[in-house]
Amino acid sequence: VPCSSTLKGSVAYSVPRIISDILGLAVLTDVFPQRILPRLLQEYRDSPQTGGKKISSESRMKMGEVLMRGTRALGDLASHYRDPLIHAFLQGVRDPDNMLRASSLSNLGELCQRLRFALGPVVHEISYCLIAVVKTERDVEVRRAAVHVVTLLLRGLSKKATEVLADVLRNLYRLLKFVVQTDRDEVCVLHAQLALEELDDIMRQLLFPQQKLEKKITVLP
């Protein structure tokens, strides 16, 4: 992938050049997903903690942006790469760099919103990850990103949330209540309140579906 060397290069590159490379890689990912995505995923996952090459956190965040742009370009076909994409971002959430952790969660949230009904059993891993981050993370930006993922999950699934998230919905609800009651960060609390409102709307639609008013007209012979 010719452009990837630029993303791993020094910060001396201009912003327009970096943006151009990101756009170029996204287009390549759309045209040759089976060739490009595995390499991008590998470079994104690479870190000293996993025995990989020493790629800077900044470069890995750029790779994450390329992955998400490619995912948007793939549309519904992105579901075929669900597991490697989600596992790459979940690994990024465990990185020592707090900016990369927050970026990985942001990518994870958008990916979940786009995958919607194709999430499948991977929701259990995502749920465990979010609960662990919210309850143990000290960096406020990372906590904010984790809570926001829940909002995006609920927003993307809408009424189907009770089906797709059936096994984890109660845990997510308790997590949101935990944030509202204990977190000292106003933004975290706001994100949690918004997620609870999404959940409340979903349950209202489920319990009280809108009734269609129909007027029946009978024509007499």
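The following exchange concerns a predicted model of one protein chain.

Residues are numbered from 1 along each chain as its sequence is written. In this predicted model, local features need pLDDT of at least 70 and side-chain atom pairs count only at pLDDT 80 or more, while totals for chains, interfaces and linings use all residues; side-chain values use heavy atoms, with hydrogens and water left out.

Colleague: How many helices and strands does the protein chain have?

Modeller: Helices (H or I, at least four residues) and strands (E, at least two) are DSSP runs, numbered from the N terminus. Along the sequence the pattern reads α-α-α-α-α-α-α-α-α-α-α. The count is therefore 11 helices and zero strands.

Colleague: Is helix α8 enclosed or open, and how many of its residues are buried?

Modeller: Buried means under 20% relative accessible area, exposed over 50%, and partly exposed in between (1.4 Å probe, protein chains only). Helix α8 covers residues 140-157, and its end C-alpha atoms lie 26 Å apart, in agreement with the 26 Å expected at 1.5 Å a residue (1.5 Å times one less than the number of residues). The helix is largely enclosed by the rest of the structure, because the buried residues number 13 of the 18.

Colleague: Which residue caps the N-terminal end of α8?

Modeller: A polar contact is a pair of N or O atoms within 3.5 Å; within protein, one must be able to donate a hydrogen and the other to accept it, and residues adjacent in sequence count only if both atoms are side-chain atoms. Here a side-chain oxygen lies 3.1 Å from the backbone nitrogen of Glu141. The capping residue is Asp139.

Colleague: Which helix gives the largest share of the largest nonpolar core?

Modeller: A nonpolar core is a set of buried Ala, Val, Leu, Ile, Met, Phe, Trp, Tyr and Cys residues joined through side-chain atoms within 4.5 Å. The largest one has 58 residues, and Leu154 and Leu165 are among those with the most contacts inside it. Its largest share, nine residues, comes from α8.

Colleague: Is Asn107 buried or exposed?

Modeller: Asn107 lies in helix α6, residues 98-115. Beyond its neighbours within four places in sequence, Asn107 is in contact (heavy atoms within 4.5 Å) with Tyr44, Gly64, Met68 and Phe89. Because its relative accessibility is 9%, Asn107 counts as buried.

Colleague: Over which residues is the pLDDT below 50?

Modeller: The pLDDT is the predictor's confidence in each residue, from 0 to 100. The chain has a mean of 81, and 79% of its residues reach 70 or more. The stretch with pLDDT below 50, which has three contacts beyond near neighbours in sequence, is residues 9-16.
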